[in-house]
Amino acid sequence: MRIITGKYKGRHFDIPHSFSARPTTDFAKENLFNVLRAYVDFEKTRAVDLFGGTGSISLELLSRGCPEVVTVERDRKHFAFISACMKALGDRAGRPVCADALKFIARHAGAFGLVFADPPYALPELPELPDRILGSRLLVNGGLLVLEHGRQNIFSQHPCFLEHRAYGSVNFSFFRKERDKE
């Protein structure tokens, strides 16, 4: 796994062969971050990476200067790997959390400007994730949610939907949490 750009550009981390998580491909990751630049000022945005997996997205967010990146991963081996990667970078902005992402969404009031969620594509709750996240206190008003999913999921009718991007078999749907009406 390689960090594509930013202050840690070129750093490599070897993912154990026993991992079931699939890191987002470099091609998809690079294109995702090109799109995100139009939506997010990384150096001013607190981010949370739900279903952290290998931590690939979190490491990219840290490399781009996010002041805080919380990575939620329930698998203890994956959590230990993410923790080791963040420790190797020595970046205090990285904060791995060993927890169930669905429970984290329901219980945490993080006031994050960016939520990235890459759940297992077979997760039964995947279709309802936009509503769960956008309806929680996890994302600030006006904040951005990026959901990685398979091509069978279509979210374009969601009231907070912004756009969809596909890179091979990797799909990203972007949502903006509505600001409170005054």
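Biologist: Which strand is joined to strand S1 by four bridges, and which residue stands opposite Asp-49?

Modeller: This is a predicted model, in which local features need pLDDT of at least 70, side-chain atom pairs count only at pLDDT 80 or more, and totals for chains, interfaces and linings use all residues. Residues are numbered from 1 along each chain as its sequence is written, and side-chain values use heavy atoms, with hydrogens and water left out. Strands (E, at least two residues) and helices (H or I, at least four) are DSSP runs numbered from the N terminus, and two strands pair if DSSP finds at least two bridges between them. S1 (residues 46–50) runs parallel to strand S4 (residues 112–117), to which four bridges join it, and the residue opposite Asp-49 is Phe-116 in S4.

Biologist: What is the order of the strands in the open sheet?

Modeller: The sheet has seven strands with mixed pairing. Its edge strands, each pairing on one side only, are S3 (94–98) and S6. The order is S3-S2-S1-S4-S5-S7-S6.

Biologist: Which residue in the turn of the S6 and S7 hairpin has a positive phi?

Modeller: S6 (residues 161–167) and S7 (residues 170–176) run antiparallel and are joined by six bridges. Glu-163 stands opposite Phe-174 in S7. Two residues lie between the strands of this hairpin, and the one with a positive phi, of about 65°, is Gly-168.

Biologist: Are helices H1 and H2 parallel or oblique to each other?

Modeller: The axes of H1 (residues 26–39) and H2 (residues 56–63) come within 12 Å and cross at roughly 45°. Axes are lines fitted to C-alpha atoms, for helices over the stretch in contact, and angles run from 0 to 180 degrees between N-to-C directions. Angles under 35 degrees count as roughly parallel, over 145 as roughly antiparallel, 65 to 115 as roughly perpendicular and the rest as oblique. H1 and H2 are therefore oblique.

Biologist: Which residues of H2 make the contact with H1?

Modeller: Contact means heavy atoms within 4.5 Å. On the H1 side, the contact is made by Lys-29, Leu-32 and Phe-33. On the H2 side, the residues are Ser-56, Ile-57, Glu-60 and Leu-61.

Biologist: What is the radius of gyration of the chain?

Modeller: The radius is taken over C-alpha atoms, and the globule rule is 2.2 Å times the number of residues to the power 0.38. For 182 residues the rule gives 16 Å, and the chain is close to this, so it is as compact as a globular protein of that length. The radius of gyration is 15 Å.
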